[in-house]
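The following exercises concern a single protein chain. Each task is followed by a solution in steps.

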Amino acid sequence: MHEVLIDGVRQVYHVAGEGPVCLVHAGGPGFHWGYMRMPLLEQSMTVVYLEPVGTGNSDPLPDGEYNMSKYAYFAHEVAEHIGARQPFFLGHSHGGFVGLQYALDYPGELGGLVLYSSAPCMNQDLGMEQVRQLEIFTQRWPDRPEAEDAKQAWMDLNMGKARDRDAVLQVLERLMPAFFGNYWNLPAGFDAWQAGLDFSVDPNRRPYAWDVRDVLGAIHVPTLILAGEYDFNCGMRWALEMNEKIPASRLVSFEQGGHMNHVETPEAFAAAVTEFVSQISK
């Protein structure tokens, strides 16, 4: 575990592997970094796993202003601190929001951007699409009561019924089937991965909406967009829109994949990222 003090705020990060540097930003916001551990990528990259401010061992922000530019700023400061020139940035879900903002706020400073199960907005449009996709998810599994309960768990989470860490973790356990293309056919090691999930809640976090759809054309860094066919959270609708609007982008979709393809199909996920990085790093 490493740390750096940024404007008086403790920012923690972890480093594994060797090769081109890749900053990895977890989602949520609030998921602890460990769920994003990707040993296959560490074989060919120096992976810098960030603990986003307000999460895990990093300090909370005193003013509760967790906006996308603030997250991007802390990630950029870590890159500066470790001396990474034109690092890659891999952001999952909300972490992808941060990656888009990083590319907009610091043009020319990333070597490549990986938007993994992500979207170009965090607002009512995203919420409505998530609800629509959850309904499709339950229709796909009509004989699984866990599917219907996962949909209700999402509603509970967004209605503010889970206000502390323990309550959020309980809701996430119920929601877990919706995060995968096929929750009932996951690879070995999933139970240990799920047991390691943790989440941070900062009661001072202020509400924040965000939308960069109108400025995606200003992102010129080579961009890889990864999306699961069945991802209810940040699925194909958003991946297709980002791929259309970001000039130097390419899209890789995971057939019947969900929101966590690095867990569900780790070999295919790592192969897509490794190929993208190797082509840019030549």
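**Exercise 1.** Identify the residues that ring pairs link into a cluster.

*Solution.* The model is a predicted one. In it, ring pairs join Trp141, Phe180, Tyr183, Trp184, Phe190 and Trp193 into a cluster. The count of aromatic pairs comes to 20.

**Exercise 2.** Classify the pair formed by Trp33 and Tyr49, and state which parts of the chain it ties together.

*Solution.* Step 1: the ring centres of Trp33 and Tyr49 lie 5.2 Å apart with their planes at 45°, so the pair is tilted. The tilted class covers plane angles that are neither under 30 degrees nor over 60.
Step 2: Trp33 belongs to the loop between strand 3 (21-25) and helix 1 (39-42), whereas Tyr49 belongs to strand 4 (residues 46-51); the pair therefore ties together parts 16 residues apart in sequence.
Step 3: both Trp33 and Tyr49 are buried.

**Exercise 3.** Carry out the analysis for Tyr116 and Phe269.

*Solution.* Step 1: this aromatic pair is tilted, at 4.6 Å centre to centre and 50° between the planes.
Step 2: because Tyr116 lies in strand 6 (residues 112-116) and Phe269 in helix 10 (residues 266-281), the pair ties together parts 153 residues apart in sequence.
Step 3: buried means under 20% relative accessible area. Tyr116, with 0%, is therefore buried, and Phe269, at 2%, counts as buried.

**Exercise 4.** Is the fold dominated by ten helices alone, or what else does its secondary structure contain?

*Solution.* The chain comprises ten helices and ten strands. Its radius of gyration is 18 Å, close to the 19 Å given by the globule rule for 282 residues, so the chain is as compact as a globular protein of that length.

Note on methods
Residues numbered from 1 in each chain as written. Predicted model: local features only at pLDDT ≥ 70, side-chain atom pairs only at ≥ 80, totals over all residues. Heavy atoms only, no water. Helix = DSSP H or I, 4+ residues; strand = E, 2+ residues; numbered from the N terminus. Rg over C-alpha atoms; globule rule 2.2 N^0.38 Å. Phe/Tyr/Trp six-rings, centres within 6.5 Å; stacked < 30°, edge-to-face > 60°. Buried < 20%, exposed > 50% of the residue type's maximum accessible area, 1.4 Å probe, protein only.
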